[in-house]
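I am starting a notebook on a structure that I have not looked at before. I will write down what I looked up, entry by entry.

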Amino acid sequence: MAALVLRWKTFKTFAASCFHSSSTVAQQPPLPHSRFFPPLEAAMLPDGTFRGRVAFITGGGTGLGRAMTATLSHLGAECVIASRKLEVLQQAADEISGQTGNKVHAVQLDVRDPQAVTRCVEHIESLTGLPDVIINNAAGNFVCPSENLSANAWKSITDIVLNGTAFVTLELGKRLVRSQKGAAFLAITTIYAESGSGFVVPSAAAKAGVEALYKSLAGEWGHYGLRFNIIQPGPIRTKGAFSRLDPTGQFEAGMLSRIPTGRLGQASEMANLASYLCSDYASWMSGAVIRFDGGEYVMMAGEFNELHKVTADQWKVMEKMIRSTKGS
Ligand SMILES: CCC/C=C/C=C/C(=O)SCCNC(=O)CCNC(=O)[C@H](O)C(C)(C)COP(=O)(O)OP(=O)(O)OC[C@H]1O[C@@H](n2cnc3c(N)ncnc32)[C@H](O)[C@@H]1OP(=O)(O)O
Ligand SMILES: NC(=O)C1=CN([C@@H]2O[C@H](COP(=O)(O)OP(=O)(O)OC[C@H]3O[C@@H](n4cnc5c(N)ncnc54)[C@H](OP(=O)(O)O)[C@@H]3O)[C@@H](O)[C@H]2O)C=CC1
């Protein structure tokens with residue numbers, strides 16, 4: 001009976017948390033040792049680094065895409081942002097351009113539709129000319145047991161992430177090659193593109209495909225003046241990601257405990273790394289895969305990392321046991 005009551009209470013707590021929108025779910029405070037790793041929010045590259053350059057960012061109206069657009073615009077780029085929701089894009093474009101004084105264009109685009117990608121690229125060419133920087137950031141994702149995935153759910157995620165990135169990259173890449181113009185491409189994947197992960201299987205498969213695409217093109221198209229790099233972010237709080245990956249907020253504490261730097265990443269930190277990779281300061285970088293996760297990946301991978309939970313007294317006992325072992 002007591003077990004039944006406990007299960008009911010646990011379910012009630014879980015269910016109550018489910019009715020909060022992502023913005024009202026309590027955020028976990030960073031761990032105390034994160035004081036050693038304060039995020040520096042300001043743009044790190046010199047003013048004007050992207051003056052005279054055009055940057056195209058998919059999914060540039062929200063979350064990490066918006067932060068990258070804001071930093072590139074601050075550094076002098078003329079930006080074009082594209083995604084499905086024109087109103088959201090236009091508001092972001094107006095706000096960023098109002099702050100930086102540089103043009104930000106909003107273009108409606110569903111990256112899953114190759115004809116729409118062609119039309120969008122034609123539009124960009126007439127608006128700004130071919131871009132110098134292309135960031136494939138648009139994505140779709142949700143946590144779901146794989147046995148509950150429909151064919152359309154699989155298609156929806158893989159079409160946005162893998163096919164969308166391929167359509168944008170090929171359409172712009174072919175035109176850049178024909179025009180003999182160099183450019184820096186960047187794809188945003190995730191740490192589990194490498195390891196795989198249950199419960200986000202279409203995203204893991206598609207992001208791994210994006211990495212193979214970018215590494216392959218880094219080799220094939222380098223001599224045309226095109227560079228291809230990849231950032232694999234760990235958890236960075238955005239509404240788009242956290243509302244679909246941790247809708248109740250119950251997994252955030254676990255994430256924090258796995259991150260050696262004791263805090264989530266900040267969108268502005270990502271934006272600094274992205275702008276470095278797309279700038280001439282990184283002109284010798286191509287085919288690189290940069291993990292940007294506060295150390296979470298290696299913490300999860302290391303067989304014995306759980307031992308950080310062992311107390312000093314427990315260590316004394318364990319050491320005694322180990323030292324007293326003789327022979328094999
Ligand atoms: C923490 C560290 C690692 C983090 C990694 C993060 C990676 C990320 O990518 S975070 C980015 C998250 N942002 C987004 O996902 C933004 C865009 N997302 C969306 O627009 C939607 O979530 C969606 C991807 C579903 C696409 O929307 P669309 O309107 O095109 O699709 P729907 O018609 O709604 O759905 C298509 C099929 O998917 C099924 N489906 C949708 N949600 C779920 C769900 N939660 N569980 C199971 N299935 C789902 C839906 O039922 C449709 O299938 P069917 O019913 O068979 O037609
Ligand atoms: N935040 C995090 O912790 C992590 C994020 N990432 C990656 O970072 C990137 C940004 O994610 P984040 O900012 O968190 O989440 P968001 O949900 O804010 O960003 C996703 C963007 O993709 C756009 N998008 C989705 N579907 C399409 C489509 N069919 N065509 C065009 N645009 C589309 C959305 O705009 P719209 O709805 O208007 O189409 C939105 O702007 C993604 O690649 C994600 O996988 C990786 C690891 C961790």
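Before I place any residue in a loop, I note that helices and strands are taken here as DSSP runs, of at least four residues for a helix and at least two for a strand, numbered from the N terminus. I also note that what I am reading is a predicted model.

**Entry 1: confidence**

I looked up the confidence first, and found that the chain averages a pLDDT of 93, with 92% of the residues scoring at least 70. Over residues 1–24, however, the pLDDT is below 50, and this stretch has 13 contacts in the model beyond near neighbours in sequence. Where pLDDT is low, the predicted coordinates should not be read in detail. For the complex, the predictor gives an ipTM of 0.99 and a pTM of 0.95.

**Entry 2: the chain as a whole**

I then turned to the overall layout, where I find 12 helices and 7 strands in the chain. The C-alpha trace spans about 70 × 50 × 40 Å along its principal axes. Of the 328 residues in the chain, 37% are buried. I also looked up how far along the sequence the contacts reach: among those with a separation of 6 or more, 78% join residues 24 or more positions apart.

**Entry 3: the nonpolar core**

Which residues have the most contacts inside the largest nonpolar core? I find A55, I81, V133, M270 and A274 in that role, within a core of 67 residues. The largest share of this core, 8 residues, comes from helix α5, which covers residues 151–179. I followed V133 further and, leaving aside residues up to four places away in sequence, I see that V133 touches R53, A55, F56, L72, A77, A183, A184 and C278.

**Entry 4: two helices, one enclosed and one in the open**

M270 and A274 led me to helix α10, since both are among its buried residues, alongside A267, A271, N272, L273, S275, L277 and C278. Helix α10 runs over residues 267–278 and reaches 16 Å from its first C-alpha to its last, close to the 16 Å expected at 1.5 Å a residue. Because 9 of its 12 residues are buried, α10 is largely enclosed by the rest of the structure. Its buried residues pack against α2 (63–74), β4 (133–136), β5 (183–188), β6 (226–233) and β7 (289–292).

I set helix α12 beside it, which has 13 residues (312–324) and reaches 18 Å from its first C-alpha to its last, close to the 18 Å expected at 1.5 Å a residue. Is α12 enclosed or in the open? The number of buried residues in α12 is 0, so this helix lies largely in the open.

**Entry 5: around the ligands**

For ligand 1, I find 19 residues around it, of which G140, N141, S150, A153 and A241 come nearest. Helices α5 and α8 each supply at least two residues of this shell. By class, the shell around ligand 1 has 8 nonpolar, 10 polar and 1 charged residues.

For ligand 2, I find 30 residues around it, and those that come nearest are G59, G63, R84, A139 and G240. Helices α2, α5 and α8 (239–245) each supply at least two residues of the shell, and the largest share, 3 residues, comes from α2. By class, I read 12 nonpolar, 14 polar and 4 charged residues in the shell around ligand 2.

**Entry 6: positive phi angles and one distant pair**

I looked for backbone angles worth a note, and stopped at Q180, which has a positive phi of about 55 degrees although it is not a glycine. Q180 lies in the loop between α5 and β5, and with 8 other C-beta atoms within 10 Å it is exposed. F199 also has a positive phi, of about 70 degrees, and is not a glycine either. I place F199 in the loop between α6 (192–195) and α7 (201–220), where it is exposed, with 12 other C-beta atoms within 10 Å.

My last look was at A253, which is found in helix α9 (residues 252–258). A253 counts as exposed, with 12 C-beta neighbours inside 10 Å. How far is the C-alpha atom of A253 from that of P30? The two atoms are separated by 9.2 Å, although the residues are 223 apart along the chain.

How values were computed
Residues numbered from 1 in each chain as written. Chains lettered and ligands numbered in written order. Predicted model: local features only at pLDDT ≥ 70, side-chain atom pairs only at ≥ 80, totals over all residues. Core = buried A, V, L, I, M, F, W, Y, C linked by C-beta atoms within 7 Å. Buried ≥ 20, exposed ≤ 12 C-beta atoms within 10 Å, placed from the backbone. Contact = placed C-beta atoms within 7 Å. Expected span 1.5 Å × (residues − 1). Near = placed C-beta within 6 Å. Nonpolar A, V, L, I, M, F, W, Y, C, P; charged D, E, K, R; others polar. pLDDT = per-residue confidence, 0-100.
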